[in-house]
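Please find below some notes on the model, set out point by point. They deal with side-chain packing, one helix, the cysteines and a single histidine.

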Amino acid sequence: MKPPQASEHKNTGVALDHLREIGRKITKIPDGFQLHPVIQKVFENRALMYTKEGEKLDWGAAEALAYASLVDEGNVVRISGQDVERGTFSHRHAVLHEQNTNELYIPTKNIKSDTGFFHICNSSLSEFGVLGFEVGYSLQNPYSLVVWEAQFGDFANGAQVIFDQFIASGETKWYRQSGIVVLLPHGYEGQGPEHSSARIERFLQLTNEDEEAFPQNLEMIKKKTATINMQVVNCTTPANFFHVLRRQCHRDYRKPLIVFTPKSLLRHKLCVSSMEELATDQKFRRVLPDTSDLVEPSKVRKVLFCSGKVYYDLFLKREEINCRDVAIVRIEQLAPFPFNKVCDVIVKYSNASIVWVQEEPKNNGPWSFISPRIATILRYLNRNDRIKYVGRETAASPATGFPAQHKAELDGFLVDAFA
């Protein structure tokens with residue numbers, strides 16, 4: 001049975017009272033079910049996030065609401081990967097274990113629906129085999145949210161054949177749409193070259209978007225969105241992650257969705273969202289503007305465009321040096337590139353120089369994808385300046401294995417960003 005599907009442009013929020021009710025259901029623990037004390041505290045805190053006025057949601061709380069609300073609407077949600085039940089970084093806890101009997105309990109199954117169902121399972125250590133199976137499942141069940149999560153995004157290269165032969169090019173070759181969602185933990189935190197980079201640049205290179213085609217009206221934007229071969233996002237807020245997951249089921253067509261997910265941000269004090277940001281009339285935001293108390297736009301001297309975790313590094317550095325003439329703008333959706341939204345920002349800060357900041361080396365990350373697209377916008381606006389790069393230097397290895405060197409590199413490009 002096909003659940004009701006909203007159109008692409010409708011909002012993906014849920015009525016606030018209903019969200020709170022869903023939150024109560026998915027934090028309910030059966031009487032006598034003894035949790036590990038740490039997990040018990042997680043669910044107590046999460047219950048407060050859902051029900052107490054003014055509380056903020058962390059990443060895990062918003063993600064759980066996304067899955068539960070989709071099930072509540074009649075969709076099937078299926079998640080697999082090497083450590084998805086707990087979450088590699090202990091943020092999800094979708095499957096609970098009774099401490100004395102090892103009995104299993106899945107809170108999301110408290111959501112009752114005639115057609116909706118929630119299934120989550122840890123997989124074997126084969127990225128190629130498991131992702132290939134899930135792509136096939138998504139083809140056969142287009143009205144399901146099918147999610148595969150890598151333990152670390154770095155390990156996705158074990159499934160490179162699936163990305164190249166099926167996810168990136170399958171629709172063109174076989175006229176079959178897949179809505180597979182791939183979650184790739186990504187972020188530079190000093191963990192070394194095998195636990196830092198999901199290779200954003202590779203996925204962006206696989207997209208079929210023309211870097212010189214500036215969409216000048218809504219119809220062109222809609223066409224570009226519907227014809228791109230896959231979507232690539234790097235969310236920085238729990239609310240945006242909630243909406244991009246729900247958008248995947250609420251569209252009237254299917255496209256693969258690659259999401260670069262956080263690690264340290266899962267518990268970052270600034271990486272939170274209100275329940276109101278998930279409610280009715282809200283939706284995924286492709287670009288997040290700077291809402292800080294800055295000088296008037298005409299006096300802003302520099303705009304720092306960025307994507308992902310580095311935003312919080314930049315924000316904290318700006319607070320530290322009390323800088324109020326530099327704006328920081330997050331590009332949450334990398335592909336299809338939000339030309340119109342980025343153009344609006346550049347027009348707003350008409351006297352500012354344009355800078356791209358990333359934590360990856362210059363030959364990695366989004367830089368090679370972003371640079372020609374912003375150049376297209378600057379030509380459209382008849383501006384003669386060029387976008388500047390700030391970040392790590394080119395490197396053969398995606399990250400250093402020495403924490404001290406990692407910190408020195410980070411400190412260095414943060415200084416350069418505000419120079």
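1. Trp-174 has a relative accessible area of 46%, so this residue is partly exposed. In this predicted model, its ring pairs with that of Phe-166, with the centres 5.6 Å apart. The planes meet at 35°, and the pair is tilted. Phe-166 is likewise partly exposed, at a relative accessible area of 39%.

2. A second pair is formed by Phe-203 and Phe-260, whose ring centres are 5.8 Å apart. Their planes stand at 70°, so the pair is edge-to-face. The two residues come from distant parts of the chain, 57 residues apart: Phe-203 belongs to helix H7 (residues 200-206) and Phe-260 to strand S9 (residues 257-261). Phe-203 and Phe-260 are both buried.

3. How many aromatic pairs does the structure hold? The count is 14. There is also an aromatic cluster, made up of Phe-214, Phe-337, Phe-339 and Tyr-380.

4. Two arginines have their charged ends over aromatic rings. That of Arg-78 lies over the ring of Tyr-137, 4.5 Å from the ring centre. For Arg-46 the ring is that of Phe-43, and the distance to the centre is 5.6 Å.

5. Helix H4 covers residues 127-140, which is 14 residues. At 1.5 Å a residue the helix should span 20 Å, and its end C-alpha atoms are 20 Å apart, so the expected and modelled values agree.

6. Which residues of H4 are buried? They are Glu-127, Val-130, Leu-131, Glu-134, Val-135 and Ser-138. Around the axis they cover an arc of only 140°, so they lie on the same side of H4. The spacing fits a general rule: an α-helix has 3.6 residues a turn, so residues three or four places apart point the same way.

7. The buried residues of H4 pack against four elements: strand S2 (76-81), strand S6 (144-149), helix H5 (160-167) and strand S7 (181-185). On the face of H4 turned away from this buried side are the exposed residues Phe-133 and Gln-140.

8. On the cysteines, a search of the whole structure finds 0 disulfides. Why is Cys-271 not bonded to Cys-235? The sulfur of Cys-235 is the closest cysteine sulfur to that of Cys-271, but the distance is 9.8 Å, which is too far for a bond; a disulfide would need the two sulfur atoms within 2.5 Å. Cys-306 is in no disulfide either, and its nearest cysteine sulfur, that of Cys-271, is 13 Å away.

9. Are these cysteines buried or exposed? Cys-271 has a relative accessible area of 0% and is buried. Cys-306 also counts as buried, at 0% relative accessibility.

10. His-97 is located in strand S3 (residues 96-97). With a relative accessible area of 35%, His-97 is partly exposed. Leaving aside residues up to four places away in sequence, His-97 touches Phe-33, Gln-34, Leu-35, Asn-102, Glu-103 and Leu-104. Its C-alpha atom is 9.7 Å from that of Ile-39, although His-97 and Ile-39 are 58 residues apart along the chain.

Terms used: Residues numbered from 1 in each chain as written. Predicted model: local features only at pLDDT ≥ 70, side-chain atom pairs only at ≥ 80, totals over all residues. Heavy atoms only, no water. Expected span 1.5 Å × (residues − 1). Buried < 20%, exposed > 50% of the residue type's maximum accessible area, 1.4 Å probe, protein only. Arc of directions from axis to C-beta. Contact = heavy atoms within 4.5 Å. Phe/Tyr/Trp six-rings, centres within 6.5 Å; stacked < 30°, edge-to-face > 60°. Lys NZ or Arg CZ within 6 Å of the ring centre and 35° of its normal.
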